[in-house]
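User: Please take me through some local features of this model, one question at a time.

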Amino acid sequence: MNVLNMQHVKKSFGDKTVLRDIHLSVDEGEVVSIIGPSGSGKSTLLRLATLLDTMDDGTMSYLGREIVRSENQKAVYASKAVQKQAMSCFGLVFQNFNLFPHFTVLKNIMDAPVRVQKRLRGEVRSEAMELLKKMGLDDRAESYPCELSGGQKQRVGIARALAMKPQMLFFDEPTSALDPELTVEILKVIRELAEEKMTMVIVTHEMTFAHDVSDRMIFMDNGVIVEETTPDLMFSSDNARTRAFLGKYADYK
C-alpha cells in the first residue's frame with residue numbers, strides 16, 4: 001500500500017529555487033533515507049511532506065487521498081479538515097527535540113493524543129508508559145526535559161511521535177544535535193523500528209546507518225534528486241556527484 005506520494009514538487013523562496021520537480025513515493029513498511037549536502041533541499045522536502053510549509057506546484061496524497069493538486073502550475077491545497085486528517089497519518093521527529101520544557105516527559109508524550117485525538121487519558125497513559133519502557137526511559141516519566149541528556153530527549157521525541165499511532169515517521173537529521181555516543185542510542189532505536197517494519201523517511205548524514213537500515217536511498221543536490229536506488233547500488237554508484245559526496249564521509253563503506 002502506498003502511504004505517501006509526491007509528484008512534480010517545486011518550491012522557491014524568493015528568487016532562490018530550492019526544489020525542482022521532485023518525486024517521492026513511500027510504500028507501507030518501507031524505509032527511505034535521504035542524503036545530500038547542506039542546502040540540497042532535504043529538510044525543505046520534509047517540511048512540505050509534513051505540511052509545515054506549502055509547495056509552489058506539485059501534487060501530494062496520503063493513503064490515496066489527495067492533499068495537494070496542481071492547477072495552472074500552482075499547488076492547490078485541500079480543506080483544513082482534509083489536511084488535518086492527513087496529519088494524523090505521520091509523526092515527525094525534529095533534530096532539536098522540540099519538547100515542551102514545562103511538561104514532564106510523560107505529559108510531553110500524552111499531550112497530543114489526549115488533546116488532539118481526544119483519546120481516554122488512562123489508555124494514553126498506559127501506552128505512553130509502554131513507549132517509555134521501549135525507549136529505556138520508564139524511570140524518567142516524571143522528569144523534565146532539562147534533566148535529560150540529548151539522547152534521552154530524542155528518545156522522548158520518538159516516543160511522542162509514536163504515541164499518535166502514525167502510519168509513518170519522518171526524521172529530520174535526528175542525530176545532528178548529539179555527540180557520537182548519544183547518536184548510537186538513537187540509531188539503535190530507529191533500527192529497531194525498521195525491524196518492526198515502521199514506514200520511515202529519514203534525512204541523515206549517518207552514511208553507514210543509512211546503508212544498513214534503508215530499503216531505498218535518495219541522493220539530493222541543488223534541489224534535484226541526483227540518484228535514487230538501493231543502498232548497495234548507491235554506495236557503488238558510477239555517478240561522479242554521488243561518489244564525490246559519499247567519499248567525504250569517514251564511514252563510507
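User: Which residues is His 8 in contact with, leaving aside its neighbours within four places in sequence?

Analyst: This is a predicted model. His 8 has its place in strand S1 (residues 2-13). His 23 lies 15 residues from His 8 in sequence, with a C-alpha to C-alpha separation of 5.8 Å in space. Outside those sequence neighbours, the contacts of His 8 are Asp 21, Ile 22, His 23, Asp 57 and Gly 58.

User: Does His 8 count as buried, partly exposed or exposed?

Analyst: Buried means under 20% relative accessible area and exposed means over 50%. His 8 has 43% relative accessibility, so His 8 counts as partly exposed.

User: How are H3 and H4 oriented to each other: roughly parallel, roughly antiparallel, roughly perpendicular or oblique?

Analyst: The axes of H3 (residues 105-115) and H4 (residues 121-134) come within 9 Å and cross at roughly 135°. Angles over 145 degrees count as roughly antiparallel, and 65 to 115 as roughly perpendicular. The crossing angle therefore makes H3, relative to H4, oblique.

User: How many nonpolar, polar and charged residues does the contact of H3 with H4 have?

Analyst: From H3, Val 105, Leu 106, Ile 109, Met 110, Pro 113 and Val 114 take part, meeting Arg 121, Val 124, Arg 125, Ala 128, Met 129 and Leu 132 of H4. By class, the contact has two charged residues, no polar and 10 nonpolar.

User: How many of the 14 residues of H5 are buried?

Analyst: H5 (residues 150-163) reaches 20 Å from its first C-alpha to its last, close to the 20 Å expected at 1.5 Å a residue. This helix is mostly covered, and the buried count is 13 of its 14 residues.

Methods: Residues numbered from 1 in each chain as written. Predicted model: local features only at pLDDT ≥ 70, side-chain atom pairs only at ≥ 80, totals over all residues. Heavy atoms only, no water. Axes fitted to C-alpha atoms, helices over the stretch in contact; angles between N-to-C directions. Helix = DSSP H or I, 4+ residues; strand = E, 2+ residues; numbered from the N terminus. Parallel < 35°, antiparallel > 145°, perpendicular 65-115°, else oblique. Contact = heavy atoms within 4.5 Å. Nonpolar A, V, L, I, M, F, W, Y, C, P; charged D, E, K, R; others polar. Expected span 1.5 Å × (residues − 1). Buried < 20%, exposed > 50% of the residue type's maximum accessible area, 1.4 Å probe, protein only.
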